[in-house]
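Subject: Structure handover

Hello,

Here is the structure I promised you. Please open it and keep it beside you as you read. My notes follow.

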Amino acid sequence: MVKDHILSQDIGIVSAQSELRDHYQRPLTDLRISVTDRCNLRCTYCMPKKPNGERYNFLPKEDLLSFNEITRVVNVLAQKGLQKIRITGGEPLLRKDLDQLIASIKSIDGIKEVALTTNGVFLSEQIDALVDAGLDRVTLSLDAIDQDLLNRISGRTVDLEKVYAGLDATLQKDLKLKVNTVIQRGVNDDHFMHVLQRFRGTAVEVRLIEFMDVGGLNQWQLDKVVPSRELIQKIEQKWPLEMLGRQQSSDVANRYRYADGQGTLGFISSISQPFCGHCSRARLSSEGILYTCLFANTGLLIRDKLRDGLSDDELQELLTQHWQQRRDRYSEERMTKPGRAHAESEKIEMFYIGG
């Protein structure tokens, strides 16, 4: 297979023009890019093991967007106000030469930040190249620090010491680092305090995430959700908290700090406290489908159009029209229409769209 070289100089780099707005006047400032649908783990809330040893059918390499194609999409959207990129998967560090993609994206005028979400297993091996390419921030998914519990949630044996090595290497590079922990009732809701204790007094911010009804494989049920307010009440019995709120209205996490000065933590409460009204994120799947909501069941396939010779002006017009027609308010509608959300239609799976 021919190596996918990044040719940033061939991509017209221009300053941001008029900001893009959807039906509810929400801008498009953040893009989450899935670079692969493959993962080395089988987390129960994302890509659970299939029964009877059945395997997942992953995309062939030729169906994945090339790095040049991804960079072209980012460049076009940067002209309309896109500022932040998050690289996701599956597990993004399974995609070869990921540092080349990051370097190319960072060269685009208007892009202020490139972040990475990873399970951390391969992080220590690649962090040097990623930082040299311009990576700004890392979010590490870690649902438990007890080895047996982590293995059960992850669906496979996880080398926890290797994850910690990646975490430490990231901190040594002076990158901003967050740890995401998905809380499920009856699974790790009696363990999350140990995760917080592990990172209290460090530069790492833990974000506790309500179990979300993404896709259909995770067997989501409302009674498995632990509302953030319940977690906060439990935490404050041991460590008083002070609210910081959201740095920007479009941020997904409501942030707090420990009153004793031992760091910060965040809560992502898309089930109990939806934040659709300020959502500024789109998602680009690894095969080139643009989704305007994490809970979407349809999207705009742009890969084939790119390969059929679509011009940059035509691409920008296509993406502009798609975003302007956006009316997604799924999480808010879940609150106002109980029972509608999970059963009404098949939604895209989390490992496919990158969370």
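Let me start with one pair: R255 and E205 are both buried. This is a predicted model, so please read everything below in that light. The two side chains form a salt bridge, and their closest N and O atoms are 2.9 Å apart. R255 sits in strand 8 and E205 in strand 6. The pair links distant parts of the chain, 50 residues apart.

**Other salt bridges**

How many salt bridges are there? The count comes to 17. A second one to look at joins R200 to D260, with the closest N and O atoms 2.8 Å apart. This pair also links distant parts of the chain, 60 residues apart. R200 is in the loop between helix 6 and strand 6. D260 is in the loop between strand 8 and strand 9. Is R200 buried or exposed? Its relative accessibility is 17%, and the cut-off for buried is under 20%, so R200 counts as buried. D260 is partly exposed, at a relative accessible area of 44%.

A third salt bridge brings together the side chains of R257 and E242, at 2.9 Å from N to O. R257 lies in strand 8 and E242 in strand 7 (residues 241-245), so the pair ties together parts 15 residues apart in sequence. R257 is partly exposed, with a relative accessible area of 40%. E242 is partly exposed too, at 33%. There is also a network: salt bridges that share partners join D22, R26, R326 and D328.

As background, side chains of opposite charge can pair when their charged atoms come close.

**Helix 6**

Now to helix 6, which covers residues 192-199. Its buried residues are F192, M193, V195, L196 and F199. Why do they fall on the same side of helix 6? They cover an arc of only 155 degrees around the axis, which puts them there.

What do these buried residues pack against? Two helices are among the partners: helix 5 (160-172) and helix 7 (228-236). The strands include strand 5 (176-183) and strand 6 (205-210). Strand 8 (254-258) and strand 9 (264-268) are partners as well. After helix 6 comes G201, whose phi is positive, near 80 degrees.

**Strand 3 and its neighbours**

Please look at strand 3 next, residues 113-118. Six of its six residues are buried, so strand 3 is largely enclosed by the rest of the structure. E113, A115 and T117 point one way. V114, L116 and T118 point the other way. In a regular strand the side chains alternate between the two faces of the sheet.

Strand 3 pairs with strand 2 (residues 84-88) in the parallel sense, over four bridges. I87 stands opposite L116 there. Strand 2, helix 2 (residues 98-106) and strand 3 make a right-handed β-α-β unit.

Strand 3 also pairs with strand 4 (residues 137-141), in the parallel sense and over four bridges. Which residue of strand 4 is the bridge partner of L116? It is V138. Between these two strands the chain crosses through helix 3 (residues 123-133), and this β-α-β crossover is right-handed.

If you have time for one residue, try L116. It has I87 opposite and V138 as its bridge partner in strand 4.

Best wishes

Key
Residues are numbered from 1 along each chain as its sequence is written. This is a predicted model: local features need pLDDT of at least 70, side-chain atom pairs count only at pLDDT 80 or more; totals for chains, interfaces and linings use all residues. Side-chain values use heavy atoms; hydrogens and water are left out. Buried means under 20% relative accessible area, exposed over 50%, partly exposed in between (1.4 Å probe, protein chains only). The arc is that of the directions from the helix axis to the C-beta atoms. Contact means heavy atoms within 4.5 Å. Two strands pair if DSSP finds at least two bridges between them. A crossover is right-handed if, with the strands pointing away from the viewer, the path from the first strand over the helix to the second runs clockwise. A salt bridge is a side-chain nitrogen of Lys or Arg within 4 Å of a carboxyl oxygen of Asp or Glu.
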